[in-house]
Amino acid sequence: MSASPASLQIVIVGAGPAGVRAAQTLAEAGLRPIVIDENRRAGGQIYRQPPPGFVRSKKELYGFEAAKAEALHDSFEQLRAKIDYRPDTLVWNCTPGQLDLLHAQRHAEQPYTHLILCTGALDRVMPFPGWTLPGVYTLGAAQVALKAQGCVLDGRVVVAGSGPLLYLLAYQYAKAGADVVAVLDTARFGGKLRALPALLRQPATFAKGLYFMSWLRAKGVPLFDGVDDIAADGKQTIQSLRWTRGGKTTEIACDALATGFGLRSETQLAELAGCRFVFNELNQQWLPQCDDVGRSSVPGVYLAGDGSGIAGADAAELSGRAAALALLQDLNLPANAAAKAASAEESRRLAQTLRSNLQFRQGLETAFPTAVHWARDCADDLVICRCEEITAGQLRRSVQQEGTVEINRLKALTRVGMGRCQGRICGAAAAEILAHAAGVSVAEAGRLRVQAPVKPIPVGAALAEEEQA
Amino acid sequence: MSRPTDKVIDTDVAIIGGGLMGTSAALELRRQQRSVVVLEQGWCGAQASGVNYGGVRRQGRAACQLPLSQRAHAIWRRLGQTIGSDGEYIASGHLKLARSDADMQELIAYRDMATAYGLELELLEPDALRRRYPWIGDKAHGASLCAEDGHANPRLIAAAFARAAEQAGARLLQQSAVEDFRFDGNYFLLQNSRGVRVRSRFLLNCSGAWGKEIAQRFGDTVSEQAIYPNMCVTEPLPPLMSLSLGVVGGAFYARQVERGNVVLGGGRGDGNLALDATRPRTSSSFKALAALTEMVPALRNALVIRTWSGVEGETPDHQPVIGPSAATPGLLHAFGFSGAGFQLAPAVGEVLAELVTKGESSTPIEAFSVKRFAVQQPSKQESKV
Amino acid sequence: MSLLKRVAEQERKSVSFRLDGKALTARAGDSVLTAVLTQAGQLRRTEFSGAPRAGFCLIGCCQDCWMRCEDGQAVRACTTEIAEGMRLLSGVAPIAGEAE
């Protein structure tokens, strides 16, 4: 497909590592993409910037990643004059050729000819008793509080779950002056050993993980691995946490808990854009299908970064560039043969790097598996859907009494996933419970359908619109 | 085309379409000791039956629908006994608002007409309206109240009818479309995409937006198009709207469910019947929200959390097709409800069962005859909200 | 009672606001969530069980931190900056506006 620059309307959704590099690549080619981001400042989550006026240095904010963060932020600053940048703007719907936006409580339409979706990710969580208590947050939340607001969770903090972020967060918190009283890793040492060859494909990452663990031990922060069956107790907020390990149960008093198992891609806009989805066994999630460089199943729609599959910040930058290059190649703009060949060669190299990164990701999943049995084996009274307060028992009864075997049917009959978050938080656990109760695989349980708006929008935005009409 | 299995299921009645019309007919036929097989391409009740607004309303229907609607009303009142669950049905009352004096005149005329059908409506002048329902803003010029109309949860009702039919001995073949349709002069022979074959004396065409397709295979002329009603829902809110709300002209219809969400319909979404794909339309949602908040100002601060659409079959005169085929004996139609089928469904099931067992129904259904399409295109009548 | 503790960025302009009618101060650049949870233990109650909630993901995904202002407006606490004069409610609030 060939199009003149005048008729192009390229929109990039997300100004994290992937979106920034995609924008940079297009700007270098003389195009002026629209870059829409929900946050006030560019950087996504890992390189999230605090509000203007905050004073900590990049080193204080990002530690080992300071240089990368700085490079990304600087690149974006240089880009700003060359792009149409829309911060503080939510893309809440995608129909063919058009996006619905919300900015400052007002609705706007944004036509597009091409889309690069760089929608990122959020923590993957599994429910456990007491997980809805005030004081319980995701690992990412705990990190954002520190990075973007200069706060830590107050009082005695427990960090529980699995994944590289577990130790990074505990380290950052202890360094910042939080009272980290325990780090609970559900993964076993054996799993990490098995994953070693894959993990060593990114030795720097691996080494950092070891560094954080040794640093924490040296500071006297108790680290436990092979932890299971955590349960939080408390009246109005969390007051204590129980867990089992090697058949023994331990309980400690605490005031806060940060929990998570790696990340889960945000794919709602890809779905609304009509992308085909495939169940990804590695991520245990339905992901939009795309080729090695980010072409989705829909012509004109490209995907990059963690929003199309968790691959980390470095891969996000590369995939952002790869997707933009693919878009440029598909546009078939006039260029000399040498330039085209160079572009094609770079795409090949990027694709190769991204593929090999996948093997590292494989290692991570082996080293840090998600404790899905927390959902599958939980008590009936455990709240699975936070928004609607739907319990595991309600889900299981629907399977047993109504023969439910598919997740959208389960949603229609039990209301799971029908709340404000549209299943972002509960979807994974609900699928596990459904699969377990119905005797099907998680893939067979189906994919929770997304409906616009992907996040709640105020009625007022509709009224302001109609008043203008 | 799938390969046929050797087995043929012999049954008195085969029903194409496992939505409310099909499953309520199946339930009633089982009560009359007829054997029934329901063939459904997806899950029972997942189409219009399960995603519609949920209005259980007589007020506003054309005169020709009122006898059927009154019959249905009596069944709704004892729904728990019929299907073993109430599907969150509540006789909250239905308030149809006037936004002008002309609207009010229309409501008065309708009230006068409806009395003859046993439908008692109370007209409220603006002052009385606001005294009784202070949450209705001062843009309303009055309203007509039907105290016993109400609403229910369509997802639960559709599923409950299917379950009740199955428990009564109806056989539900889901997740499989009918691919082959034959009539040999005495029996219907159907085959679905899994190769299952069903032979029956009677065939009920309850296939909603797909009704025309089936009807035409058996020689009936039908005018039906797929429409995609646009729906929105808010976050759960503190109790505000004590009854189901409509407005003359149909710009919006809204109800607040017990959990607090306000369900709102109005305007059209988009879709593709062949792909069974639907999607809501932002402009329709916004127009409906504007119309709603003009009447209920307190909802201005609510959040919209979801929008959707569904597939519905609409005829030119907005009346359903109910009754015997004009071309094929033993074929009965019940489709094309044009967005107003939910409340009628329990009675439609009984009527279909009567047509099977007795050859006629005690409820007048001539206005819904399939023959009307072959003659001429009737002009569109003002029939619903 | 507080769920968040300030450890950095302490030198910022003061912002006055109200929480459940009580006059409080926060710092410019605080999200509503930070402004509240540095001095309180909840943001809202669920509509169904009335259980207290105090947010969860802090990045605008979980939708568990929606608060209401006294005038009925909804604010997502983690993605909304605290503003001078905001009048927040951390229980179930009426949705009717003040000047109807």
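The expected span of a helix is 1.5 Å times one less than its number of residues. Helices (H or I, at least four residues) and strands (E, at least two) are DSSP runs, numbered from the N terminus. The model is a predicted one, in which local features need pLDDT of at least 70, side-chain atom pairs count only at pLDDT 80 or more, and totals for chains, interfaces and linings use all residues. Residues are numbered from 1 along each chain as its sequence is written, and chains are lettered from A and ligands numbered from 1 in the order in which they are written.

**Exercise 1. Compare the span of helix α3 of chain B with the expected span, and determine where its buried residues lie around the axis.**

Step 1. Helix α3(B) comprises residues 66–77, twelve in number, and extends 16 Å from its first C-alpha to its last, close to the expected 16 Å.

Step 2. A residue is buried if 20 or more other C-beta atoms lie within 10 Å of its own, exposed if 12 or fewer, and partly exposed in between, with C-beta atoms placed from the backbone. In α3(B), the buried residues are B:Leu66, B:Leu68, B:Ser69, B:Ala72, B:His73 and B:Trp76.

Step 3. These residues cover an arc of only 150° around the axis (the arc of the directions from the helix axis to the C-beta atoms), which puts them on the same side of α3(B).

Step 4. Their cover includes β3 (55–56), α4 (79–83), α5 (101–115) and α10 (345–358) of chain B.

**Exercise 2. Describe the burial of helix α7 of chain B and what follows the helix.**

Step 1. Helix α7(B), residues 154–167, has 14 residues and reaches 20 Å between its first and last C-alpha, close to the expected 20 Å.

Step 2. Eleven of the 14 residues are buried, so that α7(B) is mostly covered. Among them are B:Arg155, B:Phe161 and B:Arg163.

Step 3. After α7(B) comes B:Gly169, with a positive phi near 110°.

**Exercise 3. Establish the strand order of the open five-stranded sheet in chain A and identify its edges.**

Step 1. Two strands pair if DSSP finds at least two bridges between them. The order is β9-β17-β11-β12-β13 (chain A), and the pairing is parallel.

Step 2. Strands β9 and β13 (223–224) of chain A each have a single partner strand and stand at the edges, so one side of each is left without a neighbour in the sheet.

Step 3. Within the sheet, β11 (residues 156–162) and β17 (residues 256–261) of chain A pair in the parallel sense over six bridges. A:Val157 stands opposite A:Ala256 in β17(A).

**Exercise 4. Characterise the contact between chains A and C.**

Step 1. Taking residues as in contact if their C-beta atoms, placed from the backbone, lie within 7 Å, 39 residues of chain A contact 35 residues of chain C.

Step 2. On the chain A side, the elements giving two or more residues are β8 (121–123), β9 (136–138), α4 (139–149) and β10 (151–153). Helix α4(A) gives the most, with five residues.

Step 3. Strand β10(A) pairs with β1 (residues 4–6) of chain C in the antiparallel sense over three bridges. There, A:Cys151 is opposite C:Arg6 in β1(C).

How values were computed:
Two residues are in contact if their C-beta atoms, placed from the backbone, lie within 7 Å.
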